[in-house]
Amino acid sequence: MILVCIVSCAKKKVKITPTKALTNDLQKISDKGLIHGFSVAIVYDKSILYKKGFGVSDLKEQKSYTTSTLQRIGSVSKIFIGLALFKAQELGKLKLDDPINKHLDFEVSNPNFPNEKITIQHLVNHKSSIIDTKFYDENVYVLKEDKGVNGITEMQGVFKSPESSMPMAEFLKKLLSKDGEWYLEEGFTKSKPGGAFRYTNVGAALAAHVLEKATGESYTDFTKKFIFNPLKMSATGWSYETVDFSQVSKQYYETKEIPLYTLQSYPDGGLFSSANDLSLLLKELIKGQSGVGDLLTKESYTKLFGDHLLSKRNDSTKNDNPVLSVQYDSSAFMGKTKTGYFGHTGGDFGVVSFVFFDGVTKVGRVLNVNTHIEPSNEKILKELWDIWNTLDRYKSKLKVD
């Protein structure tokens with residue numbers, strides 16, 4: 001009888017939960033090693049269903065990349081500009097249809113349409129007619145320490161020396177004021193403000209600076225007071241000095257460490273955050289899109305997310321990748337797709353970040369990566385999509401785990 005029991009028990013398969021299966025699948029991707037470290041999360045409107053880190057945040061020290069690991073999140077940072085502007089509007093400090101020159105101490109106008117006013121709303125919809133120029137690209141990245149680029153030839157000439165660092169207001173004035181050192185008429189489109197969509201980083205940073213002038217508070221203080229603190233995003237910050245530096249991941253180009261750098265226009269892409277904190281943000285965004293958010297009123301959230309008309313789902317769209325089909329022209333620094341995804345992509349030297357949720361199912365995904373993704377490198381790009389798509393496959397299974 002004992003022998004029969006042993007044989008019978010051996011034949012029974014051990015049930016693997018969706019959580020364990022997801023971890024196993026992500027670990028297999030991590031083991032390939034092209035992406036050195038990443039963290040993920042799957043978030044429902046009521047809870048965080050899954051979060052975990054994989055790989056390392058420091059190749060030399062072999063320090064684990066965890067859900068508490070911090071990294072710059074690129075243009076996902078722009079989500080906070082939209083939230084902050086609507087909060088400032090609720091506080092009576094500004095109106096989104098205000099002309100930006102009402103709040104600025106230097107004038108910004110499209111030389112092709114000098115009598116057309118650029119409004120805050122134009123900035124948040126990327127329809128301001130302001131675009132990034134070569135002077136933005138050449139001057140926005142500044143090394144934290146003057147130690148070169150660690151032999152990464154692809155990044156030669158990208159970074160300015162630490163002595164080039166300046167306040168954001170000065171940086172913007174140099175680019176956008178007619179008297180500015182880097183001003184170019186080509187920095188404005190031939191379409192009038194409010195017309196054609198053109199994604200712009202400098203326009204996003206300008207929106208954050210308008211908020212500073214309208215509220216009398218620094219953008220860092222305002223976002224901490226009205227967004228980070230209420231959401232308990234205690235690890236998140238805008239600079240190396242305002243976060244726990246011991247938790248900041250190294251950034252890699254292949255196996256070479258990218259030097260530490262800052263952004264002159266930090267609101268458009270310079271936020272440091274973790275999977276833990278971004279999960280808290282995503283929960284709030286899901287609630288806000290459903291009309292029950294805590295940070296803003298229902299009216300503000302409706303305007304932040306824009307027109308909610310979505311395309312009917314069918315077999316060809318049910319697996320829609322929001323990263324590849326997102327548009328940013330009808331909401332406030334909040335991307336969306338026709339099939340109902342909301343969020344933002346982020347990418348910079350050595351980092352990738354995605355934060356998206358499905359407005360129908362109320363389930364979202366977070367992904368932070370500490371390795372440079374070159375689009376021409378098919379192997380590392382496939383590894384990135386494998387992670388993202390694996391999260392997508394499991395997101396509905398975890399709701400019943």
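A residue is taken as buried when its relative accessible area is under 20%, and in this predicted model Asp392, at 17% relative accessibility, therefore counts as buried. Its salt-bridge partner Lys395, with a relative accessible area of 12%, is buried as well, and the closest N and O atoms of Lys395 and Asp392 are 2.2 Å apart. Other salt bridges share partners, and in this way Lys32, Lys382 and Asp386 are joined into one network. The count of salt bridges comes to 15.

Two further salt bridges involve residues with greater exposure than the buried limit of 20% allows. Glu217 is bridged to Lys225, with 3.0 Å between the closest N and O atoms; Glu217 is partly exposed at a relative accessible area of 22%, and Lys225 is likewise partly exposed, its value being 43%. In the other, the side chains of Asp294 and Lys287 meet at 2.7 Å, N to O. Here Asp294 counts as exposed, at 58% relative accessibility, whereas Lys287, at 23%, counts as partly exposed.

The strands considered next belong to an open sheet of seven, arranged in the order E3-E2-E1-E13-E12-E11-E10 and paired in antiparallel fashion. At the edges of this sheet stand strand E3 (63–64) and E10, each of which has a single partner strand, so that one side of each is left without a neighbour in the sheet. Within the sheet, strand E1 (residues 37–44) runs antiparallel to strand E2 (residues 48–58), and the two are joined by seven bridges. Phe38 stands opposite Phe54 in E2.

Strands of this sheet also take part in the surroundings of helix H10, which spans residues 298–305 and whose buried residues are Ser300, Tyr301, Leu304 and Phe305. Viewed down the axis of H10, these buried residues fall within an arc of 125°, so they line one face of the helix. In general, an α-helix has 3.6 residues a turn, so residues three or four places apart point the same way. The exposed residues Lys298 and Glu299 are carried on the face of H10 that is turned away from its buried side. The cover over the buried residues of H10 is provided by elements that include helix H3 (78–90) and helix H9 (275–289), together with strand E10 (335–336), strand E11 (341–348) and strand E12 (351–358). Just after H10, Gly306 adopts a positive phi of about 75°.

Aromatic side chains form 26 pairs in the structure. One of these pairs is made by Tyr136 and Phe171, whose rings are tilted, with 6.0 Å centre to centre and 55° between the planes. This pair links distant parts of the chain, since Tyr136 lies in helix H5 (residues 134–139) and Phe171 in helix H6 (residues 168–176), 35 residues apart. Both Tyr136 and Phe171 are buried. Another pair, that of Phe342 and Phe357, is stacked, with 5.5 Å between the ring centres and 25° between the planes. Phe342 is found in strand E11 and Phe357 in strand E12, 15 residues apart, and this pair too links distant parts of the chain. Phe342 and Phe357 are both buried. In addition, one aromatic cluster is formed by Phe80, Tyr219, Phe228, Trp238 and Tyr266.

Aromatic rings are also met by charged side chains. The charged end of Arg365 sits over the ring of Trp388, 4.1 Å from its centre, and Lys144 lies over the face of Phe245, at 5.8 Å from the ring centre.

The loop between H6 and helix H7 (201–215) contains Ser177. Ser177 is buried, because its relative accessible area is 7%. Apart from neighbours within four places in sequence, the residues in contact with Ser177 are Phe106, Glu107, Leu172 and Tyr183.

Terms used
Residues numbered from 1 in each chain as written. Predicted model: local features only at pLDDT ≥ 70, side-chain atom pairs only at ≥ 80, totals over all residues. Heavy atoms only, no water. Buried < 20%, exposed > 50% of the residue type's maximum accessible area, 1.4 Å probe, protein only. Helix = DSSP H or I, 4+ residues; strand = E, 2+ residues; numbered from the N terminus. Arc of directions from axis to C-beta. Contact = heavy atoms within 4.5 Å. Phe/Tyr/Trp six-rings, centres within 6.5 Å; stacked < 30°, edge-to-face > 60°. Lys NZ or Arg CZ within 6 Å of the ring centre and 35° of its normal. Salt bridge = Lys/Arg side-chain N within 4 Å of Asp/Glu carboxyl O. Pairing = 2+ DSSP bridges.
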